[in-house]
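Open the model in your viewer and keep the selection box ready. We will go stop by stop.

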Amino acid sequence: MGRRLDQYFDYGASTPLDPRVRELMLPFFGENYGNASSIHSWGRTGRSAVERARMKVATALGADDPAQIVFTSGATEGNNWIIQRYGPGFVSPFEHSSVRESAKSTGCQCICCAEHSLGAVTGHHKLISVMQVNNETGTIWDPAPYRPFADVLHSDLTQAFGKVECDISSLDFATLSAHKIYGPQGVGALYIKEGHAEPLIYGGDQENGLRSGTLNVMGIVGLGEASKISAAERLQDAAHARELKEVVLESIRALSDWEVNGGDHCSPFILNVSFRGVVGESIVVEADAKGFALSAGSACSSGSGKGSAVLRAMGYDDERVRGAVRISFGRYATQESARALGLTLTETVQSLRKMKC
Ligand code: PMP
């Protein structure tokens, strides 16, 4: 079966490349092959493209100075960078695995939580890391109240940047990724408030000596343009996502025994639903066979077999964790395809439940 762009509902895992972003990247796959660190004109072309991209990311994020933006290979790298260099401390139990697993390895503790809410921390700590939007449920938190309790406050903004309003004024570090905002995979950025940090990778002194290695010019160009476009179109994208979410919810209303996960304060781009008596992965497989892309949990944790650590941290019972499906919305899905998805989910869940009887 041919894959249809409008039947893609896994924008939380990755977004299609925006054609406007691709257009700007293309010369860097062709005639613009210079190393951005070289001083000849080939190199200077790359360097100025990188600096233009840095400015676009800084402006989209609301940073004071483009020098506060350091390019990385993505959010996993940015998260590991800060947790490894500045931990141990406290992290939220709802973090992406790249924070959670890194936190484990440095002896971080988890902030206590009750369902979808994060509790207080006592005392003062080297590091606190709290994401703004959860990648599995879309739940929104505010890292700012933790500011007085840490030397370093970090937030993983991967699912927030370009999607919901981000206020970085309380943060020392923030992580971004291009492929959640219609940019290319394998590139991201770290916001560094003070402009300097403990280096991640030593070598040729690129990125002010903080993150050495030949710059991924085409990727960085893509991240810059994707940041600019997603900032300009954020409200329109969010309104579209909100409508699609409503359509899916309306179209599964006839089904019994399902619940929305993540609480009341969620990103419009993510809908996490548990269907009792079925396994989320089976729904994903059946929906795939019918031409729809969904996730059970996050793409990064699929295959772990343990069920979502985030949903477990939210206190949900085993059946609810097992039956969870993430539907994530974006620009190229339509109300018609959202309605068709709702219908497919209804039929799939009904037939999977029948098979068990
Ligand atoms: N943090 C969050 C919240 C994410 O959703 C993701 C991507 N699934 C990551 C980090 C990892 O990002 P990347 O793919 O750029 O390494």
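**Stop 1: two helices side by side**

Select G46, A49, V50, A53, K56, V57 and A60 in α2, then add V217, I220, V221, L223, G224, E225, S227, K228 and A231 in α5: these two groups meet. By class, this contact of α2 with α5 has ten nonpolar, three polar and three charged residues. Keep in mind as you look that this is a predicted model.

Now show the two helices as ribbons. Two packed helices are described by the angle between their axes and the distance between the axes. For α2 and α5 the angle is about 30°, and the axes are 8 Å apart. Angles under 35 degrees count as roughly parallel, so α2 is roughly parallel to α5. Their crossing is left-handed.

**Stop 2: V217**

Stay in α5 and pick V217. The helix covers residues 217-232, and V217 lies in it. Is V217 buried or exposed? Its relative accessibility is 8%, so V217 counts as buried. Buried means under 20% relative accessible area.

Next, show what surrounds V217. Leaving out residues up to four places away in sequence, V217 touches F28, A36, G46 and V50. Then draw a distance from V217 to T45. Their C-alpha atoms are 10.0 Å apart, while 172 residues separate the two along the chain.

**Stop 3: the cores**

Colour I69, F71, I128 and L157. These residues have the most contacts inside the largest nonpolar core, which has 53 residues. Several elements give two or more residues to this core. Among them are α1 (19-25), α2 (41-61), β1 (69-72) and β7 (150-156). The list also includes β8 (173-177), β9 (188-192), α5 and α8 (309-313).

Zoom in on L157. Which residues does L157 touch, not counting those up to four places away in sequence? Select L61, Q132, C166, I168, L171, A174, T175 and L176 to see them. Now move to another core, which lies apart from the largest one and has 31 residues. Among its members are V247, L249, L271 and V273.

**Stop 4: α3 and α4**

Select residues 75-86 for helix α3 and residues 97-105 for helix α4. They pack at an angle of about 25°, with axes 9 Å apart. That makes α3 roughly parallel to α4. The crossing of α3 and α4 is right-handed.

Show side chains at the contact. From α3, pick A75, T76, N79, N80, I83 and Q84; from α4, pick S98, V99, S102, A103 and S105. By class, the contact of α3 with α4 has four nonpolar, seven polar and no charged residues.

**Stop 5: a cis peptide bond**

Find P88 in the loop between α3 and β2 (90-91). Look at the peptide bond from G87 to P88. This bond is cis, with omega near 0°.

**Stop 6: two loop residues with positive phi**

Go to the loop between β9 and α5 and pick D205. Its phi is positive, about 80°, although D205 is not a glycine. Now pick E207, which lies in the loop between β9 and α5. Phi of E207 is near 50°, a positive value in a residue other than glycine.

Turn on the surface. Which of the words buried and exposed fits D205? D205 is exposed, with a relative accessible area of 57%. E207 is buried, with a relative accessible area of 7%.

**Stop 7: α7 and α10**

Select residues 280-289 for helix α7 and residues 335-356 for helix α10. What is the angle between α7 and α10? They pack at about 125°, with their axes 10 Å apart. That makes α7 oblique to α10. The crossing is right-handed.

Add side chains for S282, I283, E286 and A287 of α7, and for T344, L345, T348, V349 and L352 of α10, which make the contact. By class, the contact of α7 with α10 has five nonpolar, three polar and one charged residues.

**Last stop: G277**

Select G277, in the loop between β11 (270-275) and α7. Leaving aside neighbours within four places in sequence, G277 is in contact with E319 and K356. Draw a distance from G277 to K356. Their C-alpha atoms are separated by 8.3 Å, though the two residues are 79 residues apart along the chain.

Key:
Residues are numbered from 1 along each chain as its sequence is written. This is a predicted model: local features need pLDDT of at least 70, side-chain atom pairs count only at pLDDT 80 or more; totals for chains, interfaces and linings use all residues. Side-chain values use heavy atoms; hydrogens and water are left out. Helices (H or I, at least four residues) and strands (E, at least two) are DSSP runs, numbered from the N terminus. Buried means under 20% relative accessible area, exposed over 50%, partly exposed in between (1.4 Å probe, protein chains only). Contact means heavy atoms within 4.5 Å. A nonpolar core is a set of buried Ala, Val, Leu, Ile, Met, Phe, Trp, Tyr and Cys residues joined through side-chain atoms within 4.5 Å. Axes are lines fitted to C-alpha atoms, for helices over the stretch in contact, and angles run from 0 to 180 degrees between N-to-C directions. Angles under 35 degrees count as roughly parallel, over 145 as roughly antiparallel, 65 to 115 as roughly perpendicular and the rest as oblique. A crossing is left-handed if the near helix is turned anticlockwise from the far one by less than a right angle, and right-handed if clockwise. Ala, Val, Leu, Ile, Met, Phe, Trp, Tyr, Cys and Pro count as nonpolar, Asp, Glu, Lys and Arg as charged, and the others, Gly among them, as polar.
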